[in-house]
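Colleague: I am new to this one, so could we go through it together, one question at a time?
Modeller: Happy to! Here it is.

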Amino acid sequence: MMSHPPTEQELSEAGSKAWQLLEAGVLLYEEGEKEEAVRACDEVVRVCDEAKGEKLDGLVAEALMQKGDALRDLGHAEASSDVYGEIATRFSKATGGSMQRTVAWALIRSGVQLEGLGRDEEAYGAYTKVEKLFGSSPDEKLRRLVARSMLGSIGMLGKLGRKDEAVAS
C-alpha cells in the first residue's frame with residue numbers, strides 16, 4: 001500500500017527519517033522479519049507524533065497498516081485489530097480520498113480479525129462503520145470498499161442470527 005515518496009518540500013527532517021523507517025519496515029516485512037517490521041513501524045509513528053505534522057499523517061497511516069498486517073501474520077489477531085482500529089480512530093475524519101480508503105481498508109481488516117476471534121458483533125460494527133463513514137462517497141474506489149464492507153456486515157448478520165436484517169440489507 002505504499003504510495004510514492006513525499007517530495008522533500010513536504011517533509012521535515014523528521015518526515016525524511018520516518019519515510020526511511022517506513023521503507024525499512026516494508027522491506028523487513030517482505031523478508032519475513034515481522035517482529036522487526038513492527039518495531040520499525042512503531043518508530044515511524046513515534047517520530048511522526050513527535051513532529052506533529054499533518055503532512056506526516058500518510059506515513060503514520062501506512063506504518064500502522066503495515067504493523068497491523070505484520071501482527072496479523074504473526075497470529076496476533078487481537079493486536080492487529082487494535083492497530084487497524086487505531087487507524088480509524090486517528091483518521092476517520094480525513095477528507096482526502098487516499099486516506100479515506102486507508103481508513104476503510106483498516107476497518108475491513110479489523111472486521112476480519114474480529115470475526116476470526118469470534119467477536120461477531122464487533123466485526124459487524126467495524127463493517128458498518130465503513131458504510132456510515134463513506135457510504136455516500138462519490139469516489140469509485142471507496143465505494144467498492146463500502147460494497148465489500150456491506151458483504152461483511154451481511155455475513156455477520158447471518159452469523160448473529162439476524163437473517164431478516166441481512167435480507168433487508
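Colleague: Is the crossing of H5 and H6 left-handed or right-handed?
Modeller: Keep in mind that this is a predicted model. The two helices in question are H5, residues 97–116, and H6, residues 120–134. Their crossing is left-handed.

Colleague: Are H5 and H6 roughly parallel or roughly antiparallel to each other?
Modeller: The two helices pack with their axes 7 Å apart, at an angle of about 165 degrees. Angles over 145 degrees count as roughly antiparallel. H5 and H6 are therefore roughly antiparallel.

Colleague: How many nonpolar residues does the contact of H5 with H6 have?
Modeller: H5 brings residues including Val103, Leu107 and Ile108, while H6 brings, among others, Ala126, Val130 and Phe134. Charged residues take part too, including Glu115 of H5 and Lys129 of H6. By class, the contact has four charged residues, three polar ones, and the nonpolar ones number twelve.

Colleague: How are H1 and H2 directed, roughly parallel or roughly antiparallel?
Modeller: H1 covers residues 13–30, and its axis comes within 8 Å of the axis of H2, crossing at roughly 165 degrees. The cut-off to pass is 145 degrees. So H1 is, relative to H2, roughly antiparallel.

Colleague: And how many charged residues are in the contact of H1 with H2?
Modeller: H1 passes H2 in a left-handed crossing. Among the residues in the contact are Lys17 of H1 and Lys34, Glu36, Glu43 and Arg46 of H2. Beside twelve nonpolar residues and one polar residue, the charged ones number five.

Colleague: Lys34 came up there; which residue forms a salt bridge with Lys34?
Modeller: Side chains of opposite charge can pair when their charged atoms come close. For Lys34 in helix H2, the partner sits 39 residues away, in helix H3 (residues 57–73). The closest N and O atoms are 3.6 Å apart, and the partner is Asp73.

Colleague: Is Lys34 buried or exposed?
Modeller: Its partner Asp73, at 38% relative accessibility, counts as partly exposed. For Lys34 the value is 16%, and buried means under 20%. Lys34 therefore counts as buried.

Colleague: Which residues are joined into one network with Lys34 and Asp73 by salt bridges that share partners?
Modeller: The bridge between Lys34 and Asp73 is one part of this network. Shared partners bring in further residues, namely Asp69, Arg72 and Arg109.

Colleague: What is the N to O distance in the salt bridge of Asp139 and Arg101?
Modeller: This pair links distant parts of the chain, 38 residues apart: Asp139 lies in the loop between H6 and H7, and Arg101 in H5. Asp139 is partly exposed at 22%, and Arg101 is also partly exposed at 22%. The N to O distance is 2.5 Å.

Colleague: Which helix holds both Arg144 and Glu140?
Modeller: Their side chains meet in a salt bridge, at 2.6 Å from N to O. Arg144 is exposed, with 51% relative accessible area, and Glu140 is exposed too, at 53%. The two are four residues apart, about one turn of the helix, and that helix is H7.

Colleague: One last thing: how many salt bridges does the count come to?
Modeller: We have looked at a few of them, including the pair Arg144 and Glu140. A pair counts when the nitrogen and the carboxyl oxygen are within 4 Å. By this rule the number of salt bridges is 17.

Technical notes
Residues numbered from 1 in each chain as written. Predicted model: local features only at pLDDT ≥ 70, side-chain atom pairs only at ≥ 80, totals over all residues. Heavy atoms only, no water. Axes fitted to C-alpha atoms, helices over the stretch in contact; angles between N-to-C directions. Parallel < 35°, antiparallel > 145°, perpendicular 65-115°, else oblique. Left-handed = near helix turned anticlockwise from the far one by under 90°. Contact = heavy atoms within 4.5 Å. Nonpolar A, V, L, I, M, F, W, Y, C, P; charged D, E, K, R; others polar. Buried < 20%, exposed > 50% of the residue type's maximum accessible area, 1.4 Å probe, protein only.
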